[in-house]
Amino acid sequence: AAQSYTAALACTERLVTLLLAPCLARNERAARTRVALDGLCEDVMELWLLPEWPAADLFLQVVMVKMVGVLVARGTGDRKQCDSALRQTALGLLGRFACQLREVLCKALREARGPGVTGGEAADDADGDASCICNAGWGGEDMVLCDQCRRWYHFRCVGVSRDVADGPWSCGDCLLHERVLRRMGALGL
């Protein structure tokens, strides 16, 4: 099994490398290839959790690693190759995949908790959305309010203690959004 996985990984890495190679040029073919790669990844993201498509998971793993590589390329040679259009494609793919992954994880968490409290119940402070990432609502548990999106989160769901409740705090989504905006600004996008 390990040998067939290694062979599949090598084949997938070769395929993704071949798909990315034309994207590095600065011509119309590169633009069309980026659009095709984006569309292919969108299609594979629709299949990645289906047991009938085990290679979809491997393909997305390789693509996402390559896209992170595009974003963190250092040095003048790499930076010239990874032009802003490809970096924008990488940001878009990574962002869409992260959103889809978050939805899957939240759904799994809700299913694991079973039937019970649903989202939308008010927290003891009526300010903001009390649905949390688990969609369980307040339910009498300690929660912290994100200063940016005004959404309430259970301490246990975001891995914080009561100490953060008294000071400024931002949720992971808002922190990621800030980082992406800063990165896009630095890239001139």
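# Exercises on a predicted protein chain

Apart from neighbours within four places in sequence, Leu19 makes contact with Thr33, Leu37, Leu40 and Phe59. The model is a predicted one, and the exercises below begin from this residue.

## Exercise 1: Leu19 and Thr33

Task: Work out which elements hold Leu19 and Thr33, and decide for each residue whether it is buried, partly exposed or exposed.

Solution. Begin with the location of each residue: Leu19 lies in helix 1, which covers residues 2-20, whereas Thr33 is found in helix 2, which covers residues 28-47. Next, turn to the accessible areas, for which the cut-off for buried is under 20% and that for exposed is over 50%. Leu19 has a relative accessible area of 24% and is therefore partly exposed, while Thr33, with 17%, is buried. Then look at the contacts from the side of Thr33, which, when residues up to four places away in sequence are not counted, touches Leu19, Pro22 and Cys23. As a last step, consider Leu37, another of the residues in contact with Leu19: the two are 18 residues apart along the chain, yet their C-alpha atoms are separated by 7.1 Å.

## Exercise 2: Thr12

Task: Find which residues Thr12 contacts beyond its neighbours within four places in sequence, and say whether Thr12 is buried or exposed.

Solution. Start with the element, since Thr12, like Leu19, has its place in helix 1. Setting aside the neighbours within four places in sequence, the contacts of Thr12 are Leu58, Phe59 and Val62, and Phe59 is also among the contacts of Leu19. Finally, the relative accessibility of Thr12 is 11%, so Thr12 counts as buried.

## Exercise 3: The largest pocket

Task: Describe the largest pocket by its volume, by the residues closest to its centre and by the elements and classes that make up its lining.

Solution. The volume comes to about 760 Å³. The lining is made by 27 residues, of which Gly95, Ala98, Leu176, His177 and Val180 are the closest to the centre. The elements that give two or more residues to this lining are helix 5 (84-113), helix 6 (155-158) and helix 7 (172-187), and the largest share, twelve residues, comes from helix 5. Sorted by class, the lining has 18 nonpolar, five polar and four charged residues.

## Exercise 4: Arg150

Task: Explain what stands out in the phi of Arg150, and where in the chain this residue is found.

Solution. First recall that most residues other than glycine have a negative phi. Arg150 is not a glycine, yet its phi is positive, at about 60°. The residue is found in the loop between strand 1 (143-145) and strand 2 (152-154), and its relative accessibility of 31% makes it partly exposed.

## Exercise 5: The whole chain and its confidence

Task: Give the order of helices and strands along the protein chain, and state which stretch has a pLDDT below 50.

Solution. The protein chain has seven helices and two strands, and along the sequence they follow the pattern α-α-α-α-α-β-β-α-α. Of its 189 residues, 30% count as buried. Turning to confidence, the average pLDDT is 77, and 81% of the residues score at least 70. Over residues 115-126, however, the pLDDT is below 50, although this stretch has 23 contacts in the model beyond near neighbours in sequence. Where pLDDT is low, the predicted coordinates should not be read in detail.

Methods
Residues are numbered from 1 along each chain as its sequence is written. This is a predicted model: local features need pLDDT of at least 70, side-chain atom pairs count only at pLDDT 80 or more; totals for chains, interfaces and linings use all residues. Side-chain values use heavy atoms; hydrogens and water are left out. Helices (H or I, at least four residues) and strands (E, at least two) are DSSP runs, numbered from the N terminus. Buried means under 20% relative accessible area, exposed over 50%, partly exposed in between (1.4 Å probe, protein chains only). pLDDT is the predictor's confidence in each residue, from 0 to 100. Contact means heavy atoms within 4.5 Å. On a 1 Å grid over the protein atoms alone, a cavity is a set of points where a 1.4 Å probe fits but cannot get out, and a pocket is an open set with protein on both sides within 12 Å along at least five of seven lines; lining residues have an atom within 4 Å of a point. Grid points are joined across faces, edges and corners, and a volume is the space filled by probe spheres set on the points. Ala, Val, Leu, Ile, Met, Phe, Trp, Tyr, Cys and Pro count as nonpolar, Asp, Glu, Lys and Arg as charged, and the others, Gly among them, as polar.
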